[in-house]
Amino acid sequence: MTPADETREALWGRLEGPWDVVVVGGGITGAGILHETARRGLSALLVERGDFASGTSSRSSKLVHGGLRYLAQGDLRMTWESVRERDRLLAEAPGLVDPIGFLLAAYRGQKPGLAAYGTGLFIYDRLGHGAAHRPLSAKELLMLAPRLAGEKLLGGFWYRDAQTDDARLVLRVLAEAFDAGASALNHVSVVELLVSGNSASGVAVRDILTGRVKRVSAKVVVNATGAWADRLRAAVGARPAIRPLRGSHLLFSPWRFPVAQAVTFRHPRDGRPLFAYPWEGLTLLGTTDLDHTTGLDEEPSITGIEASYLVEAARAAFPGLDLTASAAVSSFAGVRPVIGTGKADPSKESREHVIWDEGGLVTVTGGKLTTFRRLARDTVHALRHRLPRLKEMKERTPGRRAAFAPPPALAPRPDLAEADARRLAGRHGRHAEKLVAAAREGELERIPGSLSLWAELRWAARAERVERLDDLLLRRVRLGLVLPEGGHEHFGRIRSICQPELGWNNERWDMEEERYLDVWRHGHAAHLSHG
């Protein structure tokens, strides 16, 4: 994603193909597959009906983790794969995927107990790269989390996992895919699956921004639309298989909900594990796991019932804080693509990914943010019989398992803090130097109330395929989540930086502001009354 990348108009002009692979869906699954196919020498195109990462992949819990819950359910293989992928991402993408300490508290009369937690964490560590947890007495735990409820507290554990900015993770993977020769368009929807000889042969797409339509030829069509996968599968007569599950979260100012590291605790009513942890300068509280029964075309949002559920658990775990949902800065909700098996408890459904080849349409769904590379490699394996010229990459090939090219070190400068330089390198890779070079006076300072720099807004508007204001403020730079009222107080300076870069006239900018605030109120305000 650089200014030198092919323009939207130029790509539209050659969109017909033929392509080796067309990937439908611009979340982490689609981005990973696009990268994996392009690096193997295939001509690959991705189309996304919204913005890149605008679905589930900007609305996850932001954790890159093995999943102790899956270990408790006996899913050893998924936990092993996730822990290994977590460790690889930590090594390859510092500043984008970073370690975070977790505190786990055990109380008298609550299950699991200390012994069960200790056994689980011992196995968890051994699946990764050695011991990384330690037991804590009740006194030690309260020193690390002084607002935690102390009554009946037996003690607990500290262990290590990782966190990320999920939208920026998608954008970084897409940038790596573009460097490998791939192409992608956002705000382009598939309106028809093209079929030739009883096999998918391409897609007809519509540019949502202009209404124009084009037929795109491809040897393979990959359906990576997540919770929406059944829609494209219906074109080949496949039966529905997806159980959409909604996970909702609240974000609080750190002074209102202070935690120095992640804390895992259980809901007092049903025992469901929840967490609160520092993210982008705020405290993130989550998550719910419910059947999503509203339309998939509607903006997913937290319901009043979910907000009350989260706050009830937080008040029990941190009784002195007297939290309320209305005190939250913002909220977000995402719809998980889970394969339905009819289990009464949605949390019991497997998070394993599946790959189906149905009438030449290859559908990839399920899975976890952490294991996106494993899913992409499995997809490439499934495409071999359809793409004879697919290049085989041996295990010993340099970079075989690397998702990210190492970014060059940013040269020290007095106006760029070391922590900010590390963050930019992680989020932008080799383009971080260009971002810094493009910054004007004062733009390497942080935006008040956030960890982001003003220069990130300029770069996103110039080089990261922003087509809507919510693309910019909800995914490229996460001001819509971390600032009150979606960042409204900074609209003046945001406009002065970004409007010239985007080339929008005053009428277009005013329209985008109005549209963005409507999206924010419906999908990200914390005090929603519906549900």
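**View 1. Leu 104 of strand S4 stands opposite Phe 157 in strand S6.** Let's start with this pair and work outwards. Strands here are DSSP runs of E with at least two residues, helices are runs of H or I with at least four, and both are numbered from the N terminus. Two strands count as paired if DSSP finds at least two bridges between them. S4 and S6 (residues 153-164) are joined by 11 bridges and run antiparallel.

A quick note on what you are looking at: this is a predicted model, in which local features need pLDDT of at least 70 and side-chain atom pairs count only at pLDDT 80 or more, while totals for chains, interfaces and linings use all residues. Residues are numbered from 1 along each chain as its sequence is written, and side-chain values use heavy atoms, leaving out hydrogens and water.

**View 2. Strand S4 also pairs with strand S12.** Three bridges link S4 to S12 (residues 262-266), and these two strands run parallel. Look for Leu 103, whose bridge partner in S12 is Val 263. S4 spans residues 97-107, and 10 of its 11 residues are buried, so the strand is largely enclosed by the rest of the structure. Buried means under 20% relative accessible area, exposed means over 50%, and partly exposed lies in between (1.4 Å probe, protein chains only).

**View 3. Asp 98 and Arg 422 meet in a salt bridge.** The term stands for a side-chain nitrogen of Lys or Arg within 4 Å of a carboxyl oxygen of Asp or Glu. In this pair the N to O distance is 2.9 Å. Asp 98 belongs to strand S4 and Arg 422 to helix H11 (residues 418-428), so the contact ties together parts that are 324 residues apart in sequence. Arg 422 is partly exposed, at 39% relative accessibility.

**View 4. Glu 358 forms a salt bridge with Arg 233.** Their closest N and O atoms are 2.8 Å apart. Glu 358 sits in strand S17 (residues 354-358) and Arg 233 in helix H8 (residues 229-233), so this pair ties together parts 125 residues apart in sequence. Glu 358 is buried, with a relative accessible area of 18%, and Arg 233 is buried as well, at 4%.

**View 5. Salt bridges that share partners form one network.** Its members are Asp 51, Asp 470, Asp 471, Arg 475, Arg 476 and Arg 515. The count for the model comes to 51 salt bridges.

**View 6. Glu 6 and Arg 14 form a salt bridge.** The closest N and O atoms are 2.8 Å apart. Glu 6 is partly exposed, with a relative accessible area of 33%, and Arg 14 is partly exposed at 39%.
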